Amino acid sequence: MQPALPDAIQQRYACRKFVAEQPVSLGELALLLEAGRLAPSAFGLEPWRFITVTDGAERAAIAHACLDQPAAATAAAFIVIVALVAALDPDSVYVRKQFKAEARDGDPAPIHDAYRAFHRPESITEWAKGQCNFAAAHMLLQATHQGLGSCPIGGFDAAALSAALRLPAGEPPALVIALGRCAHAAPQRLRKAFD
Ligand SMILES: Cc1cc2nc3c(=O)[nH]c(=O)nc-3n(C[C@H](O)[C@H](O)[C@H](O)COP(=O)(O)O)c2cc1C
């Protein structure tokens, strides 16, 4: 039985060990990507790209870039979320295209002006990575909904990960999501008290 959204919020947990030889299908990955695609983003800029990794050798390289953490070393698949930092220049073709769509049939100039006033080269990288976390949250809950285990991994060597995925300059990795059938039950949930 697939958990509905409130159940998925309750039941999601970071899986630290996945069952061996239990692949994640392309159909399952497609549903996760769709959940990420539909995530909200500031200015509607969608400053992300999602890279799926299922191949054994490539998975090993990603796991190594994730410092051989157990969740990464046992994952059946990864979705790596890359931040489209270079594309966020206010005068880029990408930004113009996004704002044309965001304005629907209206004038994109006001939103473009607002973005130009907001944009700071020195903070845009961290800002873009923050946007990527919204897509990640969608995908993590979708994974639970699909009965998949997941672990968000921010502990990685960015240079090694970029090299393994041959990422172009201006597209740094924001987050890795390890995926598979989880080999352990949900641990006791640790959270601050409601009040
Ligand atoms: C941005 C981010 C980065 C994370 N990086 C790692 C990581 O590198 N390795 C890891 O094992 N867990 C990582 N986690 C998982 C957290 O440790 C986990 O979500 C937290 O302890 C709460 O536990 P829960 O997800 O099971 O509720 C990360 C979570 C987030 C949101």
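These notebook entries record what I looked up in one predicted model.

**Ground rules.** I number residues from 1 along each chain as its sequence is written. Because the model is predicted, local features need pLDDT of at least 70 and side-chain atom pairs count only at pLDDT 80 or more, while totals for chains, interfaces and linings use all residues.

**The sheet.** I looked up the strands (DSSP runs of E, at least two residues, numbered from the N terminus). Four strands form an open sheet in the order 1-2-4-3, with antiparallel pairing; two strands pair if DSSP finds at least two bridges between them. Strand 1 (48-53) and strand 3 are the edge strands, as each pairs on one side only. I then followed strand 3 (residues 149-153) to strand 4 (residues 173-180), which pairs with strand 3 over five bridges. Isoleucine 153 has valine 176 in strand 4 as its bridge partner.

**The ligand.** I listed the residues near the ligand (C-beta atom, placed from the backbone, within 6 Å). Among them are Tyr13, Arg16, Gln69, Ile153, Leu175 and Arg189. Strand 3 gives the most to this shell, with three residues. The shell divides into seven nonpolar (Ala, Val, Leu, Ile, Met, Phe, Trp, Tyr, Cys and Pro), three polar (the others, Gly among them) and two charged (Asp, Glu, Lys and Arg) residues.

**Arginine 96.** I found arginine 96 in helix 5 (residues 93-102); helices are DSSP runs of H or I, at least four residues. Arginine 96 counts as partly exposed because it has 13 C-beta neighbours inside 10 Å; buried requires 20 or more, exposed 12 or fewer, with C-beta atoms placed from the backbone. Its C-alpha atom is separated by 44 Å from that of arginine 189, 93 residues apart along the chain.
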